[in-house]
Each structure stands twice: as structure tokens, then as C-alpha cells.
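Take the model below and walk through it from the overall fold to single residues. Keep the chain in view while reading.

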Amino acid sequence: VELLRVQSTQPDWANDLCAIILKLVGIGILLPRIVAYLRWESVTANVGLYRNDWDGDISASYSYEFDNQIYRGNFRSLNGSPRYSRLQVSVNPSAPSVRYAVFWNVWICGAVMLGFGVFVLMRDQNFFG
């Protein structure tokens with residue numbers, strides 16, 4: 001919405017705003033996962049059957065054991081993506097129901113957004129204004 005109000009007298013402002021938004025989204029994706037991956041305990045979860053959802057996507061449930069209790073979660077999968085039988089999960093030891101499933105495509109998405117935000121901010125070209 002802010003990009004629509006950019007004045008033509010400030011041509012770099014749109015680039016800076018887009019770069020800052022991309023960097024913040026990239027950091028917002030990466031930072032909690034980095035903390036969880038480095039500080040929380042890693043557990044292997046067993047993935048259940050894959051099934052089609054009402055909207056045509058594929059989802060699967062997984063379960064993991066932590067402190068002699070079983071916890072369950074769900075994730076959605078894209079068509080053509082690999083079907084996992086086991087999944088690595090970072091589990092918060094203080095609250096074992098809080099977890100992040102380790103999917104490398106999410107890490108790559110955050111890194112690409114962060115990198116593209118830095119690239120746009122460092123270049124002297126006007127990409128968005």
C-alpha cells in the first residue's frame with residue numbers, strides 16, 4: 001500500500017521500502033528457525049499417510065515422542081514434492097507441543113528473500129520506482 005503513495009521526487013524510496021520489506025520477511029522466516037534448530041532438541045517424527053485435501057492439496061500427519069509423550073502435527077505438501085516417511089522436527093524442550101518441522105525449502109525461501117532485499121538495497125538501480 002505504501003508503494004502506491006511514493007512521490008516521484010524520491011525515486012529511491014520505493015526501492016528502499018521493498019528492500020526493507022524483503023529483508024524483514026526473510027529475517028522473520030529464518031530467525032525463529034535458526035534459534036529452534038540450534039537451541040531446541042531435534043527429534044525424528046514418523047510421517048503417516050498422505051491424503052488429498054478438499055482443495056486438491058496433499059497433506060500428511062506426523063507424530064513424535066518427547067519425554068515419553070506422543071505429539072502430533074500436520075503439514076501440507078506440493079504435488080511432485082518428495083514423500084517423507086520420516087521428518088526431522090525441532091522441539092521446544094519447555095513446551096514440546098511447539099515445534100518446527102525442518103523443511104529446507106522454507107530455509108531457502110527465507111535466504112532468497114533476505115539476499116534479494118540486500119541486493120536491491122545495495123544496487124544503485126531503480127527497480128520499483
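Buried residues make up 30% of the 129 residues in the protein. Buried here means under 20% relative accessible area, exposed means over 50%, and partly exposed lies in between, with a 1.4 Å probe and protein chains only. The model is predicted: local features need pLDDT of at least 70, side-chain atom pairs count only at pLDDT 80 or more, and totals for chains, interfaces and linings use all residues. Residues are numbered from 1 along each chain as its sequence is written, and side-chain values use heavy atoms, with hydrogens and water left out.

Start with the fold. The protein has two helices and five strands. Along the sequence they follow the pattern α-β-β-β-β-β-α. These elements are DSSP runs, numbered from the N terminus: helices are H or I with at least four residues, strands are E with at least two. Now the contacts, meaning heavy atoms within 4.5 Å. Of those with a separation of 6 or more, 56% join residues 24 or more positions apart.

Next, the hairpin. Strand 2 and strand 3 pair in the antiparallel sense over nine bridges; pairing requires that DSSP finds at least two bridges between two strands. Phe66 stands opposite Gln69 in strand 3. Two residues lie between the two strands of this hairpin. Asp67 is in the loop between strand 2 and strand 3, and so is Asn68. Neither residue is a glycine, yet Asp67 has a positive phi of about 55 degrees and Asn68 has one of about 60 degrees. Are they buried or exposed? Asp67 counts as exposed because its relative accessibility is 62%. Asn68 counts as exposed at 71%.

Turn to the interior. In soluble globular proteins, nonpolar side chains tend to be buried together. A nonpolar core is a set of buried Ala, Val, Leu, Ile, Met, Phe, Trp, Tyr and Cys residues joined through side-chain atoms within 4.5 Å. The largest one here has 16 residues, and Val47, Tyr62, Tyr64, Phe75, Leu87 and Val89 touch the most other members. Strand 1 (41–52), strand 2 (58–66), strand 3 (69–77) and strand 4 (86–91) each supply at least two residues of this core. Strand 2 gives the largest share, five residues. Look at Val89: beyond four places in sequence, its contacts include Glu41, Val43, Tyr62, Tyr64 and Tyr100.

Now the cavity. A cavity is a set of points on a 1 Å grid over the protein atoms alone where a 1.4 Å probe fits but cannot get out; lining residues have an atom within 4 Å of a point. Grid points are joined across faces, edges and corners, and a volume is the space filled by probe spheres set on the points. How many cavities of 30 Å³ or more does the whole structure hold? The search finds one. Its volume is about 50 Å³. Arg33, Tyr37, Ser90, Tyr100, Ala101, Val102 and Trp107 line it. Helix 1 (11–39) and strand 5 (99–101) each supply at least two of the lining residues.

Two lining residues deserve a closer look. Ser90 lies in strand 4 and counts as buried because its relative accessibility is 2%. Beyond four places in sequence, Ser90 contacts Ala36, Tyr37 and Trp40, among others. Arg33 sits in helix 1. Outside its neighbours within four places in sequence, Arg33 is in contact with Tyr100, Val106 and Trp107. Arg33 and Ser90 are 57 residues apart in sequence and 8.6 Å apart in space, C-alpha to C-alpha.

Conventions
1 Å grid on protein atoms, 1.4 Å probe; cavity = no way out; pocket = protein on both sides within 12 Å on 5 of 7 lines; lining within 4 Å.
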